[in-house]
Amino acid sequence: MLHLPPPELIAIAARVGFKKVGLRLLPAAPGTPHYPLMQDAHGLAETLACVRATGVGVFDLEIIRIGPGFHPQDFLPFFEAGARLGAKAILVAGDDPDEARLTDAFASLCEASAPFGLSADLEFMPWTRVPDARTALRIVTEAAQPNGGVLVDALHVARSATSHADIAAIPPARLHYTQICDAPSEVPPTADGLIRAARSERLPPGEGALDLAGLFGLLPADLPVSVEIPHDERTRNAGDEGWARRTLEASRRMLARLGR
């Protein structure tokens, strides 16, 4: 719900029953919504006050994209804001076509973020230069940093060249959290369609065709689960709090059926 300022997002999360939130401090693409708390001292203070008042903390931060010319020191204010927020993880996307350079850059990101108590979690997405779980694990393994991880998103598992055997091959120590959602069986045929579906057309668990039982049966039982279910039309119809409540309840029902 990127249209909401962080204090309002946290307040809704508290009323609905979420334990944590994720905050996007940097845009996923130029011109897209985000919360630039690194340059907004008043906004950061308000967010911290809401965390203290509600008990709902911040788990993950978005999004650092690694492309050619990446320099981790450019993100020092991001790390500092994350540490003040008590965040645990950074969502990372890989955009560099040179895998060796991308691996080196990911290692440098891990090294730079570790003193702030942050893991760096490389999310495979079929339209990026890290299109599947095998590529993500190869980069994270070669980077050889203790806080480096692979982020498993249920949607991207289904819509990339990723098998359940690829998920089972990820060592538990390389998994810091996962993302749950559902989706129709039809896969958009273009990158633009995949991106649109991922950012604004996800379904609550149980309403689509993803093999969530098979996937979550391969993941550690104590792995934190992020509810990532943006759907623009349904949010407008249900309202922000209504959609938050519906997605959380559907996620909990699904996880309970899976014995988690």
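How many aromatic pairs does the structure hold? The structure holds four of them, and I should say at the outset that this is a predicted model, so please hear everything that follows as a description of that prediction.

Let me begin with one of those pairs, formed by Phe-78 and Phe-79, which meet edge-to-face, with 6.2 Å from centre to centre and 85° between the planes. Phe-78 has a relative accessibility of 2% and therefore counts as buried, and Phe-79 is buried as well, with a relative accessible area of 1%.

Phe-79 also pairs with Phe-116, and here the ring centres are 5.7 Å apart while the planes stand at 35°, which is why this pair is described as tilted. This pair links distant parts of the chain, because Phe-79 sits in helix H3, residues 76-85, whereas Phe-116 lies in the loop between H4 and strand E4, the strand covering 119-123, and the two are 37 residues apart. As for how open Phe-116 is, its relative accessibility is 24%, so Phe-116 counts as partly exposed. Taken together, the ring pairs join Phe-78, Phe-79 and Phe-116 into a cluster.

From that cluster I would like to move to Ser-113, which has its place in helix H4, residues 99-113. Is Ser-113 buried or exposed? With a relative accessibility of 0%, under the 20% cut-off, Ser-113 counts as buried. If we leave aside the neighbours within four places in sequence, Ser-113 is in contact with Phe-79, which we have just met, and also with Ile-90, Leu-118, Ala-120 and Asn-147. The side chain of Ser-113 also reaches back to the backbone oxygen of Cys-110, at 3.3 Å.

That brings me to the cysteines, where Cys-110 is buried at 0% relative accessibility, and where Cys-50, with a relative accessible area of 13%, is buried too. A disulfide is a covalent bond between the sulfur atoms of two cysteines, and it is natural to ask how many disulfides a search of the whole structure finds. The search finds zero.

To close, I would ask you to look again at Phe-79, which is buried, which belongs to the cluster with Phe-78 and Phe-116, and which is in contact with Ser-113.

Definitions and conventions
Residues numbered from 1 in each chain as written. Predicted model: local features only at pLDDT ≥ 70, side-chain atom pairs only at ≥ 80, totals over all residues. Heavy atoms only, no water. Helix = DSSP H or I, 4+ residues; strand = E, 2+ residues; numbered from the N terminus. Buried < 20%, exposed > 50% of the residue type's maximum accessible area, 1.4 Å probe, protein only. Polar contact = N/O pair within 3.5 Å; in protein donor to acceptor, adjacent residues only side chain to side chain. Contact = heavy atoms within 4.5 Å. Phe/Tyr/Trp six-rings, centres within 6.5 Å; stacked < 30°, edge-to-face > 60°. Disulfide = S-S within 2.5 Å.
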